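Subject: The structure I promised, with some notes

Hi there,

Here is the structure for you to open alongside this email. Have a look around first, and then read on at your own pace.

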Amino acid sequence: LCFVFKQEVEKIRIKITSLGLTESRITSDETIQQLFVECRLNNFLAEETPLSLPKPTGGQRIHYNYSTVINVDKAHNRPEREYLKSILLKPDLPADSLKFTVVSDPPEDEQDLECEDIGFAYVSLKEIFQKQRDIIEQDIDVVDSEDASAVIGKLTVTVEALQALCSVHEECSKE
């Protein structure tokens, strides 16, 4: 079913390419000026884009072009690997996604302000496995942190997880 390349099986590659916002409370909020994106696998890992960029205006996109790798090898990252197993083995597990959080970074002169989560986007790892297809440079909806039914923008991401999921699946079937 899966063709496994050893060096790729122990990693999930994530690339956050760009972010565009639609007209919403976010675009009109003057206090939201700089944005960065955080990526999290369940409770494990929070990687964030090293730069926060000026909020894009009317139809423009900001480009992060940020890549990171989540290691899921047995030797050093067993909890992450066990989590991937649980995604594949428990069909009703609600947290089967990578979560991207768009965060407002307070301006330099207002450091008393907190970073604020303004939107969330998700990529289902289970779906990647079921469809046997990684997500390459795809736009995913960013929903408002205060209203999950409101789409506030699009985040362009790449998530290469299929090899790792196949490897974990093979391991499950041997146990």
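Below is what was found, going from the charged pairs to the backbone and then to the surface.

One thing to keep in mind throughout is that this is a predicted model.

**Salt bridges**

How many salt bridges does the count come to? The count is 14. As background, side chains of opposite charge can pair when their charged atoms come close. Several of these residues belong together: E10, K74, R78, R81, E82, K85 and E171 are linked in a network of salt bridges. I would start your tour there.

**R81 and its partners**

R81 sits in helix α3. Is R81 buried or exposed? R81 counts as buried because its relative accessibility is 2%, and the cut-off for buried is under 20%. Its salt bridge is with E171, where the closest N and O atoms are 2.8 Å apart. That pair links distant parts of the chain, since R81 is in helix α3 while E171 is in helix α5 (residues 162–174), 90 residues away. E171 is buried too, with a relative accessible area of 13%.

The side chains of R81 and E171 are also joined by a polar contact of 2.8 Å. R81 has a polar contact with E10 as well, side chain to side chain, at 3.1 Å.

**K85, another residue to find**

Helix α3 covers residues 78–89, and K85 is found in it. The relative accessible area of K85 is 6%, so this lysine is buried. Which side chain does K85 meet in a polar contact of 3.1 Å? The partner is E171. E171 therefore turns up in polar contacts with both R81 and K85, and E171 is itself buried at 13%.

**A pair within the helix**

R78 and E82 form a salt bridge, with 3.7 Å between the closest N and O atoms. Both residues lie in helix α3, four residues apart, which is about one turn of the helix. Here the side chains are less hidden by the cut-offs used: R78 is partly exposed at 46% relative accessibility, and E82 is partly exposed at 35%.

**A pair between two strands**

The side chains of K154 and D141 meet in a salt bridge, 2.2 Å from N to O. This pair also links distant parts of the chain: K154 is in strand β9 (residues 147–160) and D141 is in strand β8, 13 residues apart. K154 has a relative accessible area of 32%, which makes it partly exposed, and D141 is partly exposed at 37%.

**Two backbone angles to check**

Most residues other than glycine have a negative phi. Two residues here are worth a look with that in mind. Phi of Q132 is near 55°, a positive value in a residue other than glycine. Where is Q132 found? Q132 is in the loop between α4 (125–131) and β8 (135–144), and it is partly exposed, with a relative accessible area of 27%.

E137 likewise has a positive phi, about 45°, although it is not a glycine. This residue lies in strand β8 and counts as partly exposed at 38% relative accessibility.

**Apart in sequence, together in space**

I70 belongs to strand β5, which spans residues 61–71. With a relative accessible area of 3%, I70 is buried. How many residues separate I70 and K11 in sequence? They are 59 residues apart in sequence, and 5.6 Å apart in space from C-alpha to C-alpha.

**A charged patch on the surface**

Last stop: which residues gather in a patch of negative charge on the surface? They are E108, D109, E110, D112 and E114. To find the patch, you can use E110 as a marker, as its place is in the loop between β6 (97–105) and β7 (116–124). E110 is partly exposed, with a relative accessible area of 35%.

If you want a short route through the structure, begin at buried R81 in helix α3, follow its salt bridge to E171, then move on to K154 and D141, and finish at the negative patch around E110.

Enjoy exploring!

Best wishes

Terms used
Residues numbered from 1 in each chain as written. Predicted model: local features only at pLDDT ≥ 70, side-chain atom pairs only at ≥ 80, totals over all residues. Heavy atoms only, no water. Patch = residues over 30% accessible without salt bridge, like charges linked within 9 Å, V, L, I, M, F, W, Y side chains within 5 Å. Areas by Shrake-Rupley, 256 points an atom, 1.4 Å probe, with all protein chains shown as cover. Salt bridge = Lys/Arg side-chain N within 4 Å of Asp/Glu carboxyl O. Lys, Arg positive; Asp, Glu negative; His and termini not counted. Charge placed at Lys NZ, Arg CZ, Asp CG, Glu CD. Buried < 20%, exposed > 50% of the residue type's maximum accessible area, 1.4 Å probe, protein only. Polar contact = N/O pair within 3.5 Å; in protein donor to acceptor, adjacent residues only side chain to side chain.
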